[in-house]
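Subject: Handover of a structure

Dear colleague,

Please find below the structure that I am passing on to you. My account of what was found in it follows directly after.

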Amino acid sequence: MLAIMCGPIFAQSKITFEQYRIINTGQSPGYMPIMQYQHPKNWYAEARYNYEDAETFSLYLGRAFTGGTHTLNYSIVPMLGGSMGRWQGISTGLNINVDLNNFFFSSQSQYNIHDQPPGMAITSYMTGANWVYQSLKWLYAGLSLQHTHDRLIGHDVQPGFMVGFTFNRFTIPVYTFEPFSNGRNFIVGVTMEWKNKKKKQPVLVKSEYIDALP
């Protein structure tokens, strides 16, 4: 215990930038940038553009709850935010990441109350999930699922596949949804991650403090 108290303690902040290009059959490609920031004390912020809808900016704030062992690790981030632009509303969100050895699960869900069509409060729900296995240090692949539910439109479920390539701090994920139908679409992304470690002063135990007195 004394060794832990006297050892260096590291606090770490993390910034992640994601850029996705959405390619739908018969439609012009769209871009979807996402910026995430996690404070050393696990406070979390996420900014998005073109995510809920085209020409829409969203900002979410929350806190990450992390833990695990040497084989199992998890991160749960509840969020609250809002959107402005073509799509306007407020949302609650939940990001979940779990990894067990070479298996990974991630999901992003949100519940929305938005003003679309104008003058009418509509509730909707959307979630995306990935089940992934990393076969090599630089390669992973798995299954993906997108599910949306709108009070006016109803349910829309899109199953698909994904493959990703990792090089140091860069990751290139490629998704395809409904690959065997005429409505297939693709998403190609680039993810960059920066981690900043700040070394804190070691905690001084009482005995060392007394010995240091003149």
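Which residues does valine 132 touch, not counting residues up to four places away in sequence? In this predicted model, valine 132 touches Asn102, Phe103, Phe104, Tyr140, Ala141, Gly142 and Met162.

Valine 132 also belongs to the largest nonpolar core, which has 9 residues in all. Its other members are Tyr20, Met32, Ile34, Tyr140, Met162, Tyr175, Phe177 and Ile187. Two elements, strand 2 (30-38) and strand 12 (170-177), give two or more residues to this core. Apart from it lies another core of 5 residues, including Tyr60, Ala64, Val77 and Met79. As general background, nonpolar side chains tend to be buried together in soluble globular proteins.

The following values describe the chain as a whole. The protein chain has 2 helices and 13 strands. Of its 214 residues, 32% are buried. Among the contacts with a separation of 6 or more, 38% are accounted for by residues 24 or more positions apart. The accessible surface of the chain comes to about 13,600 Å², and carbon and sulfur atoms hold 64% of that surface.

Threonine 16 has its place in strand 1 (residues 9-24). Is threonine 16 buried or exposed? Its relative accessibility is 6%, so threonine 16 counts as buried. Leaving aside neighbours within four places in sequence, threonine 16 is in contact with Ile34, Met35 and Gln36, and also with Thr191, Met192 and Glu193. Of these contacts, Ile34 is also listed in the largest nonpolar core.

I turn next to the aromatic rings. The structure holds 5 aromatic pairs. One of them joins phenylalanine 105 and tryptophan 131, whose ring centres are 5.6 Å apart. Why is this pair described as tilted? The planes of the two rings stand at 45°, and an angle that is neither under 30 degrees nor over 60 counts as tilted. Phenylalanine 105 lies in strand 8 (residues 103-115) and tryptophan 131 in strand 9 (residues 121-136), so the pair ties together parts that are 26 residues apart in sequence. Both partners count as partly exposed, phenylalanine 105 at 27% relative accessibility and tryptophan 131 at 42%.

Phenylalanine 161 and phenylalanine 180 form an edge-to-face pair, with 6.3 Å from centre to centre and 80° between the planes. Phenylalanine 161 is in strand 11 (residues 154-167), whereas phenylalanine 180 is in the loop between strand 12 and strand 13 (185-200), so this pair ties together parts that are 19 residues apart in sequence. With a relative accessibility of 38%, phenylalanine 161 counts as partly exposed, while phenylalanine 180 is exposed at 75%.

Two arginines should also be mentioned. The charged end of arginine 48 sits over the ring of tyrosine 60, at 4.3 Å from the ring centre. Tyrosine 60 is itself among the residues of the 5-residue core. Likewise, the charged end of arginine 63 sits over the ring of phenylalanine 65, at 5.7 Å from the centre of that ring.

Finally, aspartate 115 lies in strand 8 and counts as partly exposed at 37% relative accessibility. Aspartate 115 is 25 residues away from isoleucine 90 in sequence, and the two are 9.4 Å apart in space, C-alpha to C-alpha.

With kind regards

Conventions. Residues are numbered from 1 along each chain as its sequence is written. This is a predicted model: local features need pLDDT of at least 70, side-chain atom pairs count only at pLDDT 80 or more; totals for chains, interfaces and linings use all residues. Side-chain values use heavy atoms; hydrogens and water are left out. A nonpolar core is a set of buried Ala, Val, Leu, Ile, Met, Phe, Trp, Tyr and Cys residues joined through side-chain atoms within 4.5 Å. Buried means under 20% relative accessible area, exposed over 50%, partly exposed in between (1.4 Å probe, protein chains only). Helices (H or I, at least four residues) and strands (E, at least two) are DSSP runs, numbered from the N terminus. Contact means heavy atoms within 4.5 Å. Accessible areas come from the Shrake-Rupley method with a 1.4 Å probe; for residues, only the protein chains shown count as cover. Rings of Phe, Tyr and Trp (its six-membered ring) pair if their centres lie within 6.5 Å; planes under 30 degrees apart count as stacked, over 60 as edge-to-face and the rest as tilted. A charge sits over a ring if NZ of Lys or CZ of Arg is within 6 Å of the ring centre and within 35 degrees of the ring normal.
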